[in-house]
Amino acid sequence: MRDLQTIADRVEIEALRGEHVDAAMIGDYDRFASLFTRDAVWRIPPANVEFAGRKEIRAGIERLQGAWEFWVQNVHPGTIQLDGDTATGRESIFEIGRQRDGRSVVMYGLFHDRYQRTPDGWKFTERVLEPRYLDTTALTGSPHVTWDPAGPEAANTSSAEEPDNHG
């Protein structure tokens, strides 16, 4: 990667992938859809999900996100293969969440991507989620986090710390 354009392209594609996660996590569906070309396709084959075009992708992400009580997604950089104004890539993903109907999901997988350079920067032309591991065991945690201001130490006071009154 000695060519500055190659470095810039890779950085921009990584930023695109980061925007994808951020927009979904905070519910910015217009921004989410804007990350795709007008004729892009977003697929999750095992769930029989396929959205084509920005309008469908925007409506689809909003509908899908509405099904979750809570949802967290983490991605890890993968590969990027540049070919002029197009590129392909792969990104590792981890998701955890609970749907409003009570179903829980812990999933590891891969995004398989195709990208296109546009006047507005790099965009997805295709994004396909391939789950590699799925656990639907009920999650016992909660998205409503409260912290004990005294901290965990307050609840774990050892009897060895109490004064010895025996002599």
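**Figure 1. Overview of the chain and its secondary structure.** Four helices and six strands make up the secondary structure of the chain, and from the N terminus on these elements follow one another in the order α-α-β-β-α-β-β-β-β-α. The view shows a predicted model, in which the mean pLDDT of the chain is 91 and 89% of the residues reach 70 or more. Over residues 156-164, however, the pLDDT is below 50, and this stretch has zero contacts in the model beyond near neighbours in sequence. Where pLDDT is low, the predicted coordinates should not be read in detail. The chain has 167 residues, of which 35% are buried, and it exposes about 10500 Å², with carbon and sulfur atoms supplying 52% of that area. Among contacts between residues at least 6 apart in sequence, 54% join residues that are at least 24 apart.

**Figure 2. The largest nonpolar core, with W42 among its members.** This core consists of 28 residues, and the members that touch the most others are F32, F36, W42, I57 and Y115. Which residues does W42 contact when its neighbours within four places in sequence are left aside? They are H20, F32, F36, V49, E50, F51, I57, I61, L64 and R127. Three of these partners, F32, F36 and I57, are thus also named among the core members that touch the most others.

**Figure 3. A salt bridge between strands β1 and β6.** R43 and E126 form a salt bridge in which the closest N and O atoms are 2.2 Å apart. Because E126 lies in strand β6 (residues 121-135) and R43 in strand β1 (residues 36-44), the pair ties together parts that are 83 residues apart in sequence. R43 is partly exposed, with a relative accessible area of 22%. In the structure as a whole there are 17 salt bridges, and another of them joins the side chains of D22 and R31, with an N to O distance of 2.6 Å. The acidic partner in that second pair, D22, has a relative accessible area of 36% and is therefore partly exposed.

**Figure 4. R58 and its surroundings in helix α3.** R58 has its place in helix α3, where it forms a salt bridge with E62, the closest N and O atoms of the two being 2.5 Å apart. Why are R58 and E62 separated by about one helical turn? The reason is that they are four residues apart in helix α3, which covers residues 53-65. Both partners are partly exposed, R58 at 26% relative accessibility and E62 at 38%. Elsewhere, salt bridges that share partners join E14, R17, E91, D113 and R127 into one network. Apart from residues up to four places away in sequence, R58 touches Y29, D30 and A33. The C-alpha atoms of R58 and S34 are separated by 8.6 Å, although these two residues are 24 apart along the chain.

**Figure 5. Q99 in strand β4.** The strand shown here, β4, covers residues 86-99, and Q99 is found in it. Is Q99 buried or exposed? Its relative accessibility is 14%, so Q99 counts as buried. When residues up to four places away in sequence are not counted, Q99 touches A67, W68 and E69.

**Figure 6. A nonpolar surface patch that includes I7.** L4, I7 and V11 together make a nonpolar patch of about 300 Å² on the surface. I7 is placed in helix α1, which covers residues 4-26, and with a relative accessible area of 34% this residue is partly exposed.

**Figure 7. N48 in the loop between β1 and β2.** The loop that holds N48 lies between β1 and β2, the latter covering residues 49-52. Phi of N48 is near 55°, which is a positive value in a residue other than glycine. N48 has a relative accessible area of 74% and is therefore exposed.

Conventions. Residues numbered from 1 in each chain as written. Predicted model: local features only at pLDDT ≥ 70, side-chain atom pairs only at ≥ 80, totals over all residues. Heavy atoms only, no water. Core = buried A, V, L, I, M, F, W, Y, C linked by side-chain atoms within 4.5 Å. Buried < 20%, exposed > 50% of the residue type's maximum accessible area, 1.4 Å probe, protein only. Contact = heavy atoms within 4.5 Å. pLDDT = per-residue confidence, 0-100. Patch = residues over 30% accessible without salt bridge, like charges linked within 9 Å, V, L, I, M, F, W, Y side chains within 5 Å. Areas by Shrake-Rupley, 256 points an atom, 1.4 Å probe, with all protein chains shown as cover. Salt bridge = Lys/Arg side-chain N within 4 Å of Asp/Glu carboxyl O. Helix = DSSP H or I, 4+ residues; strand = E, 2+ residues; numbered from the N terminus.
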